[in-house]
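Here is an informal walk through one model, from its core out to its charged pairs. Have the viewer open as you read.

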Amino acid sequence: GLLDHAPRSRIPSAMSEPGPLIRQGRGWLQEGESPEAVLEEAASCLQAATGHGARGAWMLVMAEAQLAACRPSEALAAAAEAIAALRQHGDRAVEAQATSVLLDVQLVAQQWTEAIATATDVAELCARLGDPAGEASARLRRGRGAPV
């Protein structure tokens, strides 16, 4: 189970830097934990979180778990909340990650117009951050959002 892999006592939930928290949550999904277990743990960590960075990180983990559970409307809401919190935290690289997740959710939800706009935002943000791989990925996904 989830707690066998990462007991809550070892989760840096009070940490304000979002990067390690996001990696922790993504690790749970990559290790095969159920989206429901990840959602439950992330919600618990969100309650203990202080600061925009930690709250944004756990909301992003929840968005990814909602997407993995095939619940795009819930994933859209969580991703939007994550972006808002991470924007307030001021870490543009993590904000770009969250916006990229929003793009993935919009593509799954077939929100083509929104996905094209979000892909443009992600590409521009990655370009400003000097992240050519992120920029290229966003531009490729922008093409997926333009149905023919």
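## The nonpolar cores

A nonpolar core here is a set of buried Ala, Val, Leu, Ile, Met, Phe, Trp, Tyr and Cys residues joined through side-chain atoms within 4.5 Å. Buried means under 20% relative accessible area, exposed means over 50%, and partly exposed is in between (1.4 Å probe, protein chains only). This is a predicted model, where local features need pLDDT of at least 70 and side-chain atom pairs count only at pLDDT 80 or more, while totals for chains, interfaces and linings use all residues. Residues are numbered from 1 along each chain as its sequence is written, and side-chain values use heavy atoms, with hydrogens and water left out.

The largest nonpolar core has 29 residues, and Trp-58 and Leu-60 are the ones that touch the most other members. Two or more residues each come from α2, α3 (35–48), α4, α5 and α6. Helix α4 gives the largest share, nine residues. There is also a second, separate core of six residues, with Ala-96, Val-122, Ala-123 and Cys-126 among them. The helix labels come from DSSP runs numbered from the N terminus (helices are H or I, at least four residues; strands are E, at least two).

## A tryptophan pair

Which rings pair up in this model, and how are they arranged? A pair of aromatic rings is described by the distance of the centres and the angle of the planes. Rings of Phe, Tyr and Trp (its six-membered ring) pair if their centres lie within 6.5 Å; planes under 30 degrees apart count as stacked, over 60 as edge-to-face and the rest as tilted. That rule yields one aromatic pair. It is made by Trp-28 and Trp-58, and it counts as stacked because the ring centres are 5.8 Å apart and the planes sit at 15°.

The two partners come from distant parts of the chain, 30 residues apart: Trp-28 sits in helix α2 (residues 18–30) and Trp-58 in helix α4 (residues 52–68). Both Trp-28 and Trp-58 are buried.

Helix α4 also holds Glu-64. This acidic residue counts as buried, at 15% relative accessibility. Leaving aside residues up to four places away in sequence, Glu-64 touches Arg-26, Leu-29 and Val-101, where contact means heavy atoms within 4.5 Å.

## Helix α5 and what covers it

Helix α5 (residues 72–89) has 18 residues, and at 1.5 Å a residue it should span 26 Å; the C-alpha atoms at its ends are 25 Å apart, which agrees. The expected span is 1.5 Å times one less than the number of residues.

The buried residues of α5 include Ala-75, Leu-76, Ala-78 and Ala-79, and further along Ala-82, Ile-83, Ala-85 and Leu-86. Among the elements covering them are α2, α4 and α6 (92–108). Just after α5, Gly-90 has a positive phi of about 95°.

## Salt bridges

A salt bridge is a side-chain nitrogen of Lys or Arg within 4 Å of a carboxyl oxygen of Asp or Glu, and the structure has six. In one of them, Arg-141 meets Asp-104 at 2.6 Å, N to O. Arg-141 belongs to helix α8 (residues 132–144) and Asp-104 to helix α6, so this bridge ties together parts that are 37 residues apart in sequence. Arg-141 is buried at 11%, whereas Asp-104 is partly exposed at 29%.

Another bridge stays inside helix α8: Arg-139 and Glu-135 are four residues apart, about one turn of the helix, and their side chains meet at 3.2 Å, N to O. Arg-139 is partly exposed at 45%, and Glu-135 is partly exposed at 23%. Elsewhere, bridges with shared partners join Arg-87, Arg-92 and Glu-95 into one network. Within that network, Glu-95 and Arg-87 meet at 3.0 Å, N to O; Glu-95 is buried at 6% and Arg-87 is partly exposed at 45%.

## Cysteines and one long-range approach

How many disulfides are there? With a disulfide taken as a pair of cysteine sulfur atoms within 2.5 Å, the count is zero. Cys-70 is exposed, at 65%, while Cys-126 is buried, at 5%.

Finally, look at Thr-113 in helix α7 (residues 112–129). Thr-113 is exposed, with a relative accessible area of 64%. Its C-alpha atom is separated by 7.3 Å from that of Gly-145, which is 32 residues apart from Thr-113 along the chain.
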